[in-house]
Amino acid sequence: MLDTMVGSLPPDLETFRSRQEGGARHEYRLSSHFQPIYSLAHQRPVGYEGLIRAIDSRGRQVPPIELFSKAPHGEARILLDRQCRALHVRNFVKLGEDRSWLFLNVDPHVASGGLRFGSFFLEMLKSNGFPTHRVAVELIETPFDDEDRLTDAIEHYRKLGCLIVIDDFGAGYSNFDRIWRLKPDIVKIDREMTRRVAVEPLARRMFNGIISLLHEAGAIVCVEGIETQSEALCAVDANADLMQGNYFNPGGDSLQPADARRNLFGELIAEYRTDVAELQKRQQARLEPYLAALKNAVQDLSLGTEFPQAVQVILKLPCARRCYLIGSDGLQIGANIESDRNVGDYDPRFDLVQPTEGTDWQTKSYFRRAIESPAKVQITRPYLSVSGPKLCMTLSFAFEAFDDRSQQVLCADLDFATLAGGDVVFGAGNLQG
């Protein structure tokens, strides 16, 4: 059973009472906590997430998940959720902020089942004089059996004029399937992914691609849970739109001036520029011998040197793994010329997909880009080469063959881990061919 006391406390507080089995009653004092959400481009808050804070009768702070567990699914849970949202709206209006978005968390079960208990949301916003276009309905990550019902519920909020937000993307049910179904305006990256990108090379390499895909899906991307400068720099490098976390501001029951973190953002962007410039220098220095060797091999091939002999200048370099030729039709010419150091890399599981003469590479970016820009070295981002199999980068260069002047592409696969050293972000976007 849920009891709500409204109006007997100051405007920024409410009481939630729950009655457990056996008759035991618990009382919680509820208040709002607003954490700012910053735009990197504007270097100021563009939104605030309303977070519920609960104190029990003994003065203990109760986590939200524990608070909501006191109200079982159904009417009790819906009423508590409504109480929290109404409290946040009243408190936010009281603070006098008249531009920013207000992010309000909504449980999928509440979103899909709330209409069965009467209209609430629009009337509540109108009664507080708060426009729907400034509300960001944030769908929290939780399993939900009927995604069709959830889609209908989200469309209800969209028709009201609210922004739709998916929280904790990358955790549990907040995945690409939910993105495709709900077509959110904003997607928040799960804080666990944020933590990992700063410490795990694989997560860091994937991070930029994930955010790029979300952008292509038509969503603004917010990286939440940022605690350190390193995590913030990863978000900047990945081209995130919005950022949230204790590194910028832990939030509270009041709002700060819009320019309060401008110096912090200035320092962050300056640090990012310095890091990028230093990374480019390191990467260019490491790649320079391979670029020069590739061009020398192409020159020798153009003058009639046999392929195995021409590529030895490349294969003698420590990170080179193999070289191969591709015709203008995208088909491989002859077999790979492997480096001697590849002997220990053989993996019989990948025998079926080993390249041979006639293997078709015409869909590969390193072939297409080389054909489109002849006489210029092309450099891929790291990817798994089944020839190893291990992560590699491919250098490619289109040139005119000696015998029939047809266009051919010379490719050289490099060991990514050895070449990159400690730089987990190492790829085509930062290099000059």
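A polar contact is a pair of N or O atoms within 3.5 Å. In this predicted model, one such contact joins the side chains of N249 and Q256, at 3.1 Å. N249 sits in a loop. The loop runs between strand 11 (242–243) and helix 10 (262–302). With a relative accessible area of 8%, N249 is buried. Beyond its neighbours up to four places away in sequence, N249 touches Q35, P36, Y38, Q256 and R261. Q256 therefore appears both as a contact of N249 and as its polar partner, side chain to side chain, while N249 itself is buried because its 8% falls under 20%.

The nonpolar residues were examined next. The largest nonpolar core has 58 residues. Within this core, F121, Y157 and F248 touch the most other members. The contacts of F121 include Y157. The others are R85, L104, V135, V137, L160 and C162, again leaving out residues up to four places away in sequence. Another core lies apart from the largest one and has 31 residues. Among its members are L294, V298, I379 and L414.

Aromatic rings also pair. The structure holds 13 aromatic pairs. One of them joins W101 and F103. Their centres are 6.3 Å apart, with 70° between the planes, and the pair is edge-to-face. W101 is partly exposed, at a relative accessible area of 24%. F103 is buried, at 0%. F169 and F176 form an edge-to-face pair as well, because their planes stand at 75° and an angle over 60 degrees counts as edge-to-face. The ring centres of F169 and F176 are 5.0 Å apart. F169 is buried, with 3% relative accessibility, whereas F176 is partly exposed, with a relative accessible area of 26%. Ring pairs also link a cluster, made up of F34, Y48, F92 and F130.

The cysteines were considered last. A disulfide is a covalent bond between the sulfur atoms of two cysteines. The count of disulfides is zero. C411 serves as an example. The cysteine sulfur closest to that of C411 belongs to C323, 8.9 Å away. A disulfide requires the two sulfur atoms to lie within 2.5 Å, so the sulfur of C411 is too far from that of C323 for a bond. C411 is buried, at 0% relative accessibility. C392 is also buried, at 1% relative accessibility.

Methods
Residues numbered from 1 in each chain as written. Predicted model: local features only at pLDDT ≥ 70, side-chain atom pairs only at ≥ 80, totals over all residues. Heavy atoms only, no water. Helix = DSSP H or I, 4+ residues; strand = E, 2+ residues; numbered from the N terminus. Buried < 20%, exposed > 50% of the residue type's maximum accessible area, 1.4 Å probe, protein only. Polar contact = N/O pair within 3.5 Å; in protein donor to acceptor, adjacent residues only side chain to side chain. Contact = heavy atoms within 4.5 Å. Core = buried A, V, L, I, M, F, W, Y, C linked by side-chain atoms within 4.5 Å. Phe/Tyr/Trp six-rings, centres within 6.5 Å; stacked < 30°, edge-to-face > 60°.
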